[in-house]
Amino acid sequence: MAHSHEHQHEHEHCESCSHEHHHEHDHEGHEHHHHEHSLKKQLWLIITTVILLIIAVLIERSSNGQCSMVNVQLSKWQLLLVYLVPYLIIGHETLHEAWEGIMEGEAFNEHFLMSVATIGALCIGFLPGAETEFPEAVFVMLFFQVGELFEGYAEGKSRDSIAHLMDIRPDVAHVERSQEDVSPESVGVGEIIVIRPGEKVPLDGVIIEGSSALNTVALTGESLPRDVNVGDEVISGCVNLSGVLRVRTTKAFGESTVSKIISLVENAGERKSQSETFITRFARIYTPIVVFAALALAILPPLWLSLSFSPLTIHYSLFTLHFPTWLYRALMFLVVSCPCALVISVPLTFFGGIGGASRKGILIKGANYMDVLAKVDTVVFDKTGTLTHGQFAVEAVHPDSCDEHQLLHLAAHVEHFSTHPIGAALRDAFPDEATDGCQVSDVEEIAGHGIRARVKMFNGPLGRRTLATNGTQEWSMVNVGNTKMMDAIGAKWHDCHHVGTIIHVAIDGQYAGHIVINDQIKSDSAEAIAQLQTLGVSKTVMLTGDRKEVADHVAKALNLSEYHAELLPADKVAQVEQLRNFAFVGDGINDAPVLARADVGIAMGGLGSDAAIEAADVVLMDDKPSKIALAIRIARRTLKIARQNVSFAIGVKVAVLLLATFGFATMWLAVFADVGVTVLAVLNAMRALKV
């Protein structure tokens with residue numbers, strides 16, 4: 001029962017219930033308005049047809065002497081003209097679609113089935129000894145349109161589910177150069193834009209002035225605002241909640257996060273699931289078979305009955321006697337066998353599932369990935385940036401010949417110019433490093449060992465060791481690095497019972513202590529693993545390039561099934577080669593080879609990381625591992641609803657087809673088996689929107 005709005009004629013609409021969603025706001029608004037207008041028009045046509053059908057039935061009953069309200073005597077031809085008025089009002093679009101299909105060589109569609117069935121019902125009464133079926137013909141076409149009305153409503157609800165994503169598309173950008181509002185598409189990279197409280201962020205960029213909180217709910221599904229300050233990145237689609245921000249753009253609108261996300265969700269419907277692909281092929285083969293089967297049902301039984309008395313002679317009187325009965329059964333066969341419930345409800349179910357997932361910040365690139373997600377029994381994780389934050393932090397300070405404060409102070413000074421995450425962690429742990437007046441010179445980075453530098457500092461609160469004497473300034477050589485560096489300068493280091501990256505410090509060749517730096521496990525990583533195990537995922541595996549001790553610590557803390565440490569990217573691919581039905585979860589950048597190899601790649605989107613959106617099949621917009629279990633639950637529930645619709649539709653249709661073939665069904669039951677089943681299947685498909 002495909003949609004047949006006057007603004008588009010799509011014979012293959014049943015094969016995919018996702019219409020094009022255009023980028024331009026004006027067009028989106030126009031299309032939404034057109035959709036509502038079309039539904040209202042369809043509803044008025046249905047109401048008008050019902051009224052005219054009631055009048056036609058009263059006229060027919062009066063003509064037969066069964067009603068005294070209207071006193072008219074009409075022939076069959078005149079009655080046909082009376083019924084043709086409501087029939088053509090409600091069925092003109094279906095007849096037009098059927099004719100177009102014939103002209104384009106695609107005759108065997110649901111419009112053709114309905115047209116043949118109803119025209120046959122209108123004509124059957126003119127056969128010798130046959131009863132008129134005028135009301136049934138109009139009723140079949142009427143309920144066909146009622147089914148389309150429900151389909152249109154359900155599709156509108158699915159569109160509304162996707163529409164919340166369309167709301168992230170910004171309308172204007174306030175450009176500082178011209179002091180005016182312009183379209184985001186016209187803003188170049190490097191321009192300064194002003195974002196006021198309550199406005200959407202129009203383009204990705206970096207804050208150069210101001211601080212605020214951003215509402216990211218449309219991107220991540222999370223209601224907790226994100227605080228931002230000067231130097232922080234902002235992404236398009238967020239809503240500025242409080243302060244005024246001046247932002248230097250870093251991407252053109254076409255490359256911005258909001259454009260990529262909208263495009264991703266819009267195009268998801270193009271990748272059909274196995275269920276949709278099967279039903280599309282099934283409908284193309286099934287429909288012509290049904291037409292020829294109905295033709296055989298109308299002709300062969302009366303022909304066989306006419307030959308029963310004399311195999312060599314056709315008794316035309318017997319043929320014409322039985323032909324109306326079998327033609328009526330064949331018409332019911334056509335109505336019942338229309339595959340509308342399948343070809344509409346299944347794509348609509350997957351469309352709804354994708355929309356529901358997007359509302360939770362889970363972007364699934366196509367219905368085909370739902371099939372894979374639902375069958376996943378092994379989940380493989382990268383460690384850094386996936387199960388852990390990917391940002392090093394000082395976890396412990398163990399001084400040996402000085403105090404904690406001084407040890408951190410010296411290490412932070414030596415790492416002042418380092419771009420390594422370890423250097424950043426040390427500077428973050430001692431934020432006063434840049435303003436305490438100490439000087440650093442002769443900085444030298446020794447590959448595979450660490451960094452050494454000369455540090456000049458005052459004897460005072462920090463100089464409790466003999467770095468400086470007699471209150472004067474003095475230079476000291478400070479080495480910050482691993483055990484290889486300590487061995488090279490002869491410093492007698494000792495190991496630490498903490499698991500993590502150990503940074504050793506020596507002052508003038510004398511061991512001063514060590515600092516433990518670790519990547520922090522995400523707060524919901526343990527919950528994610530527990531939820532996956534509850535869902536029946538048999539194996540949870542971690543692959544990492546980190547040291548074995550660190551990997552072992554994380555694996556035990558999260559109760560993972562197994563882990564493999566100290567791996568290169570190629571080693572990770574080799575580890576997953578033997579796996580089947582598995583998902584790989586990574587950050588979408590350095591794990592691209594494994595994401596490509598996995599049955600389904602899940603990326604931590606990092607609020608819209610370009611590499612993540614491009615590389616993966618599923619993107620988690622808020623970086624929460626616990627969303628993996630939710631994605632699997634959504635996929636399984638969507639497939640369950642689709643299977644319910646398939647089983648229900650086929651079961652009812654087969655039962656009524658058998659009844660119709662042997663004369664135990666009426667046209668009213670046939671209408672229920674088609675339109676009623678379709679409406680129920682569509683309503684069931686709408687449950688996929690609820691997550």
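This report describes confidence, two sheets and one pocket in a predicted model.

## Basis and confidence

The model is predicted: local features need pLDDT of at least 70, side-chain atom pairs count only at pLDDT 80 or more, and totals for chains, interfaces and linings use all residues. Residues are numbered from 1 along each chain as its sequence is written, and side-chain values use heavy atoms, with hydrogens and water left out.

The pLDDT (the predictor's confidence in each residue, from 0 to 100) averages 78 over the chain, and 80% of the residues score at least 70. Among the helices and strands (DSSP runs of H or I, at least four residues, and of E, at least two, numbered from the N terminus), strand S9 (residues 245-249) has a mean of 95 and helix H19 (residues 610-615) a mean of 64. Residues 1-33 stay under 50, with 94 contacts (heavy atoms within 4.5 Å) beyond four places in sequence. Residues 459-472 are also below 50. Where pLDDT is low, the predicted coordinates should not be read in detail.

## The antiparallel sheet

An open sheet of 6 strands follows the order S2-S1-S3-S9-S4-S7, with antiparallel pairing (two strands pair if DSSP finds at least two bridges between them). Its edge strands are S2 (180-182) and S7 (233-234), each of which pairs on one side only. S1 (residues 173-175) joins S2 over 3 antiparallel bridges, and Ala-173 has Val-182 in S2 as its bridge partner.

## The mixed sheet

In a second open sheet, 7 strands are ordered S10-S22-S21-S20-S11-S18-S19, and the pairing is mixed. S10 (362-364) and S19 (562-564) each have a single partner strand, so one side of each is left without a neighbour in the sheet.

S18 (residues 539-543) pairs with S19 in the parallel sense over 3 bridges, where Val-541 stands opposite Glu-562. Helix H16 (residues 548-558) lies across both strands and runs at about 160 degrees to S19 (angles run from 0 to 180 degrees between N-to-C directions of axes fitted to C-alpha atoms, for helices over the stretch in contact).

## The second largest pocket

A pocket is an open set of points on a 1 Å grid over the protein atoms alone, where a 1.4 Å probe fits, with protein on both sides within 12 Å along at least five of seven lines; lining residues have an atom within 4 Å of a point. The second largest holds about 650 Å³, a volume being the space filled by probe spheres set on the points, which are joined across faces, edges and corners.

Its lining has 28 residues, with Ile-422, His-449, Asn-482, Thr-501 and Ile-503 nearest the centre. S16 gives the most, with 4 residues.
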